[in-house]
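Q: I would like a close look at one part of this model, explained carefully and set in the context of the chain around it.

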Amino acid sequence: MSEILACPECGEIKQVTTTFSQMLLVNSGRHYCTSMKTHDADSPANCLKCSWKGERKDLKPAIK
Ligand SMILES: [Zn+2]
């Protein structure tokens with residue numbers, strides 16, 4: 001397992017999401033590349049509990 005990240009606002013662990021985005025060729029719909037991956041520091045992150053939005057690098061490591 002990789003490190004556990006928590007929401008910087010409310011400390012939520014389970015309901016924190018990250019996002020990846022894919023580039024598709026507009027005319028064929030074919031996959032071009034994955035421009036942003038879930039483990040990239042600048043991938044968009046959301047907390048479903050308190051509605052915080054930010055980037056993955058803003059998440060803080062959970063205290064075990
Ligand atoms: Zn939160």
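Which residues form a nonpolar patch on the surface, and about how much accessible area do they have together?

A: In this predicted model, the nonpolar patch on the surface is formed by Met-23, Leu-25 and Tyr-32, and together these three residues have about 310 Å² of accessible area. Met-23 can be placed further, since this residue lies in strand S3, which covers residues 21-24. With a relative accessible area of 39%, Met-23 counts as partly exposed, because that value falls between the 20% under which a residue is called buried and the 50% over which a residue is called exposed.

The patch belongs to a protein whose secondary structure comes to seven strands and zero helices, so that, read from the N terminus on, the order of elements is β-β-β-β-β-β-β. The radius of gyration of the protein is 14 Å, well over the 11 Å that the globule rule gives for 64 residues, and the protein is therefore more spread out than a compact globule. Along its principal axes, the C-alpha trace spans about 45 × 25 × 15 Å. Of the 64 residues, 17% count as buried.

Another part of the model that deserves attention is the metal site. The zinc ion has as its protein donors the SG atoms of Cys-7, Cys-10, Cys-47 and Cys-50, which lie 2.3 to 2.4 Å from the ion. The angles among these four donor atoms run from 107 to 112°, and the site is tetrahedral, because four donors count as tetrahedral if all angles lie between 85 and 135 degrees. In sequence, the donor residues are spaced C-x2-C-x36-C-x2-C. Cys-10 lies in the loop between strand S1 (5-6) and strand S2 (16-18), whereas Cys-50 lies in the loop between S5 and S6, so this pair ties together parts that are 40 residues apart in sequence. Both of these cysteines are partly exposed, Cys-10 with a relative accessible area of 37% and Cys-50 with one of 32%.

Ser-51 is found in the loop between strand S5 (44-47) and strand S6 (53-55). The phi angle of Ser-51 is near 70°, a positive value in a residue other than glycine. With a relative accessibility of 55%, Ser-51 counts as exposed, because the cut-off for that class is over 50%.

Conventions
Residues numbered from 1 in each chain as written. Predicted model: local features only at pLDDT ≥ 70, side-chain atom pairs only at ≥ 80, totals over all residues. Heavy atoms only, no water. Helix = DSSP H or I, 4+ residues; strand = E, 2+ residues; numbered from the N terminus. Buried < 20%, exposed > 50% of the residue type's maximum accessible area, 1.4 Å probe, protein only. Donors = N, O, S within 2.8 Å, 3.2 Å for Na, K, Ca; no water. Tetrahedral: all angles 85-135°; square planar, octahedral: opposite > 155°, others 65-115°. Patch = residues over 30% accessible without salt bridge, like charges linked within 9 Å, V, L, I, M, F, W, Y side chains within 5 Å. Areas by Shrake-Rupley, 256 points an atom, 1.4 Å probe, with all protein chains shown as cover. Salt bridge = Lys/Arg side-chain N within 4 Å of Asp/Glu carboxyl O. Rg over C-alpha atoms; globule rule 2.2 N^0.38 Å.
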